Amino acid sequence: MGRAKRKCPPPVEDEPGIVVPPNLDTGRILGIDPGSLKTGFGVLQHIKSEVFWIRSGIMQPPKGQHLLVRLGWLNKTFGEILDEIQPAVVALETSFVGRNMKTALILGQARGALITAATIRNLPVLEFSPAEVKLSIVGHGSASKQQMQGMIPQLIHGLKHDPSEDEADALGVALCCLHRKIREEWRDFASSREND
């Protein structure tokens with residue numbers, strides 16, 4: 001199957017023959033799929049209209065540890081990844097409250113450990129709903145995890161392995177963040193032209 005490419009809209013001419021498009025190259029975007037037992041992360045960068053895979057993986061605290069120990073480990077380990085990757089922004093999905101309130105509470109604590117690691121480094125943290133992420137990647141907000149997992153390698157250059165569900169979710173969040181940033185750049189560009 002061929003690699004799908006997301007093309008940006010054509011730039012607008014200021015004068016005949018002179019094109020001044022917005023700068024769509026981004027810093028690194030780090031997406032995370034939080035969990036107390038394992039957390040997926042994925043790092044992307046947009047360069048010259050292409051999306052490149054930088055790194056992805058899973059953070060998995062030692063098994064059998066108390067929740068507070070796992071949360072401390074998650075905060076420390078994610079902080080080390082942030083220091084190494086130096087992302088421009090951290091992106092994650094908004095919380096989903098299911099039927100199990102205990103699970104939702106633990107997930108909220110894991111999210112807090114991750115968000116704290118980013119904010120103490122003065123990194124912006126953006127949230128995206130699960131439906132927004134699925135719509136951005138697959139084209140509809142009710143896509144399955146398997147559909148997400150299958151689509152991600154088609155949208156990213158340099159991804160040499162099939163990502164796990166947790167990696168795919170994290171990379172999907174990063175891609176969703178990238179798509180929003182590109183839309184905002186073009187909107188601001190169009191607005192500035194209207195005001196000229």
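**Strands β3 and β6**

I started with the pair formed by strand β3 (residues 29-33) and strand β6 (residues 89-93), in this predicted model. The two run in the parallel sense, and I find 4 bridges between them. To pin down the register I looked up Ile 29: its bridge partner in β6 is Val 89. A reminder to myself: strands of a sheet pair through backbone hydrogen bonds, in either a parallel or an antiparallel way.

**The sheet around them**

Next I widened the view to the sheet. It is open, it has 5 strands, and their order is β5-β4-β3-β6-β7. The pairing is mixed. Which strands stand at the edges? They are β5 (50-59) and β7 (125-128); each has a single partner strand, so one side of each has no neighbour in the sheet. I also noted the twist, which averages 25° from one strand to the next.

**The chain as a whole**

I then stepped back to the full chain. I count 5 helices and 7 strands. Read from the N terminus, the elements go β-β-β-β-β-α-β-α-β-α-α-α. There are 196 residues, and 40% of them count as buried. I looked at contacts with a separation of 6 or more as well: 62% of them come from residues 24 or more positions apart.

**Asp 166**

My next stop was helix α5 (residues 165-195), where Asp 166 sits. Is Asp 166 buried or exposed? Its relative accessibility is 13%, so it counts as buried, the cut-off being under 20%. What does its side chain meet? I found a polar contact with the side chain of Lys 38, at 3.4 Å. Setting aside neighbours within four places in sequence, the contacts of Asp 166 are Asp 33, Lys 38, Gly 40 and Ile 58. I was pleased to see two strands from my sheet notes turn up here: Asp 33 belongs to β3 (residues 29-33), and Ile 58 falls in β5 (50-59).

**Arg 111**

Arg 111 got the same treatment. Its place is helix α2 (residues 101-119). The relative accessibility is 8%, so this arginine counts as buried too. Beyond neighbours within four places in sequence, Arg 111 is in contact with Pro 34, Leu 92, Glu 93, Thr 94, Ser 95 and Glu 127. Leu 92 and Glu 93 are residues of β6 (residues 89-93), while Glu 127 is in β7 (125-128).

**Helix α3**

I checked which way helix α3 (residues 130-137) faces. Val 133, Ser 136 and Ile 137 are buried there. They cover an arc of only 90° around the axis, and therefore lie on the same side of α3. After the helix comes Gly 139, and I noted its positive phi, near 110°.

**Cysteines**

Last, I looked for disulfides. How many are there? The count comes to 0. I looked at Cys 176 and Cys 177 to see why. The closest cysteine sulfur to that of Cys 176 is the one in Cys 177, and at 7.5 Å it is too far for a bond; the cut-off is 2.5 Å. Looking from Cys 177, the closest cysteine sulfur is that of Cys 176, again at 7.5 Å. Both side chains belong to buried residues: Cys 176 has 2% relative accessibility, and Cys 177 has 1%.

Methods: Residues numbered from 1 in each chain as written. Predicted model: local features only at pLDDT ≥ 70, side-chain atom pairs only at ≥ 80, totals over all residues. Heavy atoms only, no water. Buried < 20%, exposed > 50% of the residue type's maximum accessible area, 1.4 Å probe, protein only. Polar contact = N/O pair within 3.5 Å; in protein donor to acceptor, adjacent residues only side chain to side chain. Contact = heavy atoms within 4.5 Å. Arc of directions from axis to C-beta. Pairing = 2+ DSSP bridges. Axes fitted to C-alpha atoms, helices over the stretch in contact; angles between N-to-C directions.
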